[in-house]
Amino acid sequence: MVSVAATAPAHGAPRAGEPLLEVRGLTVSIGRGPDALTAVRGIDLTLQRGESLGLVGESGAGKSLSMLSVTSLLPRGARVGGSVRLEGRELIGLRSRELRRVRGAEIGMVFQDPMTSLNPVFTIGRQVEEAIRIHQPGLSRSEVAKAAVALLAAVAIPAPRERLHSYPFELSGGMRQRVMIAIAIANNPKLLIADEPTTALDVTIQAQILDLLRRLAAEREMALVLITHDLGVIAGMVDRVAVMYAGRVVEERTTAELFASPRHPYTKALLSCIPRADRPDARVLGIPGSPATLRPPPPGCAFAPRCPDAVDACHEVDPALEGEPGARIACLVASGRVAATRPGEPGPR
Amino acid sequence: MSAAGLLLPEEGLAAVRSRRARPGWLTTPVVLGLVVAVGWIVVALTIQWWAPYSPTAPSGSPLVGPSGAHLLGTDELGRDVLTRTLYGARESLPLAFAVVAGGVSIGTLAGGIAGFFGGWVDAIVMRIVDLTLAFPAILLAMVMTASLGPGLFHIGIALVIVWWPIYARLLRAQILSVKESPHVEAAVAAGASRWRLFRVHILPLAFTPLLINATIDLGQVVLLASGLSFIGLGAVPPTPEWGLMINDATGFFYQWWIALGPGLAILSIVLAFSFIGDGLRDLFDVRSSESSW
């Protein structure tokens, strides 16, 4: 593959043991003054090289905004606070010229809607080639063309050489998403952020795209952040899962542990919302109440009004995310800081 | 047309074939418009080599009706009306193309900047647009003629000033909508620079309405320039300009042929460019692809 030497960061080689991505106290608010809405209320995440992380939550939980803010792709009027470090380099507040060297080169992004994410007036070949040329301007025309064919082949598009001349409207949704992925990985990014990459696709195609993402991440040693509201998508895809609620990470566990023994009441509720094929008689449960709004929440845990385990303290103290990496939880009751009031619930030991 | 499923195989095939032979946007008026427009352009480019008479010197007795020697008769100075009409294309067509090209260039620049950058840049550019739109074409033409003297070139400048704000508004509106498309966001995420975003991902998608309007405006500029010449603000005698020729003809009511040539010329050119513009709209705009002709 083509190297990214032309866009290598200026700060030198990454130190050993330094995480690839380190998010600290990230906040995103929309608007200003008393009417400001806060979509992301301080999240901390760490991602190692080649690691994959799932970001799960309802609509409006702040999943997309928090990841968009990593490369400052927030919509106009959104303000970001906190710190995002890629290999130790702060990305928040970076000048736009430097940001452009990060976008697409060090961090690739795949969006939700492949039907409209490609420019309709150019062939996909031209668009893939453009993605390469932006970050590797030194390559010759034939080198770029060769790299484009290799990319289309890498995302398993049949007859890649012929497809270069296709326009987006000639391709199916799944094929277009493959092209989007090809563009995202064109410069061998260290981190690939996929924002609900399969939401707009058929179920059968979804599985193919997820397989492709997992395979590419492994082959190219890319770290992967998969944003989704579908826990079924997460299972078997990623190493770790962070569950978000109302702009906060409420539980962060390894995937196997999360599914085997969810601890946060919200995670439990989410998992109980998945229909079980192995237990056809089990009822699919909903979560009572409605999702948190972006308005400043009342004091206490944002999930407390909907939480079956909530005790008085939950309405007064907003729990911090505590614990070892890969086993962190933000819940007073589940972490044992406050005694559960109801019998039968896991309480303090 | 009946539904394709109800057609006999032969009929269906014929329908498909005829559609392939002539695409839907290429309606009869469009073909007609193309023929007339191309015809006028060819005339404008080549008339000097095959014109039978001089456009400015007398070639027969004055005020003679149509005959074999003078197909559209002669005017009050004995000049051949047909020759003068054909030479008129050399005045009107270059003016039309120059005015539209100038208007589109300035309009694209202004509308592009306003739409792409938004904010206070947008506000300033669009207030200039509003200001310019407040001046009627005739007033500006009079100002130009008064300060620079009469002549088609000065009229052209006035028309560019009148026309560019229309294109600026059109392009700005298009850019505002294209700018929000997901593919633009995807391009930003891929690291595209602002200039590349504008040039590759926004302008090609926003330019179509401008192209259609510009085509229709070619005819409109011919009409307006002739109108200004008619009231004495444009071309000066003895230029064979259509508006001027019609003005000359106003004194000779019973010699109808003098005004016939330039009148038909203006009519045919305005219609031709309108038809072509309509065809282009059908070609580019899927929503109005139902043609009634």
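This text walks through a predicted model, from chain B to the contact between the chains and the core.

Start with the make-up of chain B. It has 11 helices and 0 strands. Read from the N terminus, its elements therefore run as helix after helix, α-α-α-α-α-α-α-α-α-α-α. Of the 293 residues in chain B, 42% are buried. Contacts in chain B reach far along the sequence. Among those with a separation of 6 or more, 68% join residues 24 or more positions apart.

Next come two helix pairs in chain B. Two packed helices are described by the angle between their axes and the distance between the axes. Take α4(B), residues 119-133, and α6(B), residues 152-178. Their axes come within 9 Å and cross at roughly 140°. That angle makes α4(B) oblique to α6(B), because only angles over 145 degrees count as roughly antiparallel. The crossing of α4(B) and α6(B) is left-handed. On the α4(B) side, the contact is made by B:V129, B:T132 and B:L133. On the α6(B) side, B:I161, B:P165, B:A168 and B:R169 take part. By class, this contact of α4(B) with α6(B) has 5 nonpolar, 1 polar and 1 charged residues.

The second pair is α10(B), residues 242-249, with α11(B), residues 257-284. Here the axes come within 8 Å and cross at roughly 150°. That makes α10(B) roughly antiparallel to α11(B). The crossing of α10(B) and α11(B) is left-handed. From α10(B), the contact uses B:W242, B:M245, B:I246, B:D248 and B:A249. From α11(B), it uses B:I258, B:A259, B:P262, B:G263, B:A265 and B:I266. The residues of this contact divide into 9 nonpolar, 1 polar and 1 charged.

Now to α7(B), which spans residues 182-189. Is this helix mostly covered or mostly open? It is mostly covered, with 7 of its 8 residues buried. The buried ones are B:H183, B:V184, B:E185, B:A186, B:A187, B:V188 and B:A189. Which elements cover them? The cover includes parts of both chains: β6 (107-110) and α6 of chain A, together with α8 (194-206) of chain B. After α7(B) comes B:G191, whose phi is positive, near 95°.

The cover of α7(B) leads to the contact between the chains. In total, 21 residues of chain A are in contact with 15 residues of chain B. On the chain A side, α2 (96-102), α3 (124-135) and α6 (173-184) each supply at least two residues. Of the elements there, α3(A) gives the most, with 4 residues. The residues on the side of chain A that touches chain B divide into 10 nonpolar, 6 polar and 5 charged.

Last comes the core. The largest nonpolar core has 175 residues. Which residues have the most contacts inside it? They are A:V128 and A:A182. The element that gives the most to this core is α6(B), with 15 residues. The same helix, α6(B), also makes the contact with α4(B) described above. Around A:V128, the contacts beyond four places in sequence are A:A148, A:L151, A:L152, A:V179, A:A182, A:I183 and A:A186. A:V128 is thus in contact with A:A182, the other residue named with the most contacts inside the core.

Technical notes:
Residues numbered from 1 in each chain as written. Chains lettered and ligands numbered in written order. Predicted model: local features only at pLDDT ≥ 70, side-chain atom pairs only at ≥ 80, totals over all residues. Axes fitted to C-alpha atoms, helices over the stretch in contact; angles between N-to-C directions. Parallel < 35°, antiparallel > 145°, perpendicular 65-115°, else oblique. Left-handed = near helix turned anticlockwise from the far one by under 90°. Contact = placed C-beta atoms within 7 Å. Nonpolar A, V, L, I, M, F, W, Y, C, P; charged D, E, K, R; others polar. Core = buried A, V, L, I, M, F, W, Y, C linked by C-beta atoms within 7 Å. Buried ≥ 20, exposed ≤ 12 C-beta atoms within 10 Å, placed from the backbone.
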